[in-house]
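The exercises below work through one protein chain, from charged pairs to cores and cysteines. Each task is followed by a solution in steps.

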Amino acid sequence: MPKADPFGFDISVSASKKKNPRGRRGMSGAFDTSTRVCDHPGCEEAGKYRAPKSPDSLEDFFWFCKDHVREYNLKWNFFDSTNEEEFQHQVDNDRVWGRSTKPFSSEEQRAWARLGVDDPHQVLGQNATRNPGKAVTGQRRLPPTERKAVEILEVKDSASRAEIRKAYKALIKVLHPDMNGGDRSQEEQLAEVVWAWDQLKTSRNFRDE
């Protein structure tokens, strides 16, 4: 049994639901527990559908019945009271999800300068990374599974498919029990070799000859 909170607060889910003025919302968007009357003049139907009163008051709602909320929504225009400049500002702000780019501060500029970056735009140029690339390592860019397969078969990543097949067959002769006198001590390694050949035999990253 849960202990009573010493501060007198009830933070249980059931207590939260009791305090929630919005009530339970159905699949149609209606608040089924609402006891309000439709705010449309002269309508006595239940007001189970809410709609914001204005773009400047999005948390303050009218409550309508289904027919009148549809009528209200057809007339609703979020930009009704905005001028062209305000509208364009909203569009530009939405393009960056409300998080516009800010210029570097002097502290940030000094930090980049210590890395040899004088212009902030250089982070997309030759100073973008200090990790060695293809020119330094001499390795081709391969998917992780094919890179692992090359290592298992002990071939170069520039090998042709024929060279890979030759290396595969050589390993099979050493590891397969039917070809090495019945020795089954290397079956795990044999399974890795078979897996590696399956990764490379149809790959487009290796030439046929």
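**Exercise 1. Find the partner of R184 in a salt bridge and state how exposed each of the two residues is.**

Step 1. R184 pairs with E187 in a salt bridge, and their closest N and O atoms lie 2.7 Å apart. The model is a predicted one.

Step 2. R184 has a relative accessibility of 56% and therefore counts as exposed.

Step 3. E187 has a relative accessible area of 36%, so this residue is partly exposed.

**Exercise 2. Give the number of salt bridges, then describe the pairs K53–D60 and R147–D157.**

Step 1. The count of salt bridges is six. The cut-off is 4 Å between a side-chain nitrogen of Lys or Arg and a carboxyl oxygen of Asp or Glu.

Step 2. K53 and D60 form a salt bridge through their side chains, at 3.7 Å from N to O. K53 is partly exposed, with a relative accessible area of 37%. D60 is also partly exposed, with a value of 35%.

Step 3. The side chains of R147 and D157 form a salt bridge at 3.3 Å, N to O. R147 belongs to helix α6 and D157 to the loop between α6 and α7, so the pair ties together parts 10 residues apart in sequence.

Step 4. R147 has a relative accessible area of 18% and is buried. D157 is buried as well, with 11%.

**Exercise 3. Describe the order of the elements and the overall burial and surface of the chain.**

Step 1. The chain contains eight helices and two strands. Read from the N terminus, the order is α-β-β-α-α-α-α-α-α-α.

Step 2. Of the 209 residues, 21% count as buried. The accessible surface of the chain is about 16,900 Å², and carbon and sulfur atoms account for 51% of that surface.

Step 3. Among contacts in the chain with a separation of 6 or more, 35% are between residues 24 or more positions apart.

**Exercise 4. Identify the largest nonpolar core and the elements that contribute two or more residues to it.**

Step 1. The largest nonpolar core has 19 residues. Those with the most contacts inside this core are L153, V155, I164, V193 and L200.

Step 2. The elements giving two or more residues to the core are α6 (144–153), α7 (161–175) and α8. The most comes from α7, with six residues.

Step 3. Another core lies apart from this one and has nine residues, including A30, C38, C65 and Y72.

Step 4. For L200, leave aside neighbours within four places in sequence. The contacts of L200 are then E146, A149, V150, L153, R161, I164 and F206.

Step 5. In α6, the buried residues are E146, R147, A149, V150, I152 and L153. The cover over these buried residues of α6 includes α7 and α8.

Step 6. E154 follows α6 and has a positive phi, near 55°.

**Exercise 5. Locate Q189 and T33 and give a spatial separation for each.**

Step 1. Q189 is in helix α8, which covers residues 187–200. The relative accessible area of Q189 is 39%, so this residue is partly exposed.

Step 2. Q189 and L175 are 14 residues apart along the chain, and their C-alpha atoms are separated by 7.5 Å.

Step 3. T33 sits in the loop between α1 (13–19) and β1 (49–54). With a relative accessible area of 43%, T33 is partly exposed.

Step 4. T33 and K48 are 15 residues apart in sequence, with 7.9 Å from C-alpha to C-alpha.

**Exercise 6. How many disulfides does the structure hold, and why is C38 or C65 not bonded to C43?**

Step 1. The number of disulfides is zero. A pair of cysteine sulfur atoms would have to lie within 2.5 Å.

Step 2. The closest cysteine sulfur to that of C38 is in C43, at 3.7 Å, which is too far for a bond. C38 counts as buried, at 6% relative accessibility.

Step 3. For C65 the closest cysteine sulfur is also in C43, at 3.9 Å, again too far for a bond. C65 counts as buried, at 7% relative accessibility.

Notes. Residues are numbered from 1 along each chain as its sequence is written. This is a predicted model: local features need pLDDT of at least 70, side-chain atom pairs count only at pLDDT 80 or more; totals for chains, interfaces and linings use all residues. Side-chain values use heavy atoms; hydrogens and water are left out. Helices (H or I, at least four residues) and strands (E, at least two) are DSSP runs, numbered from the N terminus. Buried means under 20% relative accessible area, exposed over 50%, partly exposed in between (1.4 Å probe, protein chains only). Contact means heavy atoms within 4.5 Å. Accessible areas come from the Shrake-Rupley method with a 1.4 Å probe; for residues, only the protein chains shown count as cover. A nonpolar core is a set of buried Ala, Val, Leu, Ile, Met, Phe, Trp, Tyr and Cys residues joined through side-chain atoms within 4.5 Å.
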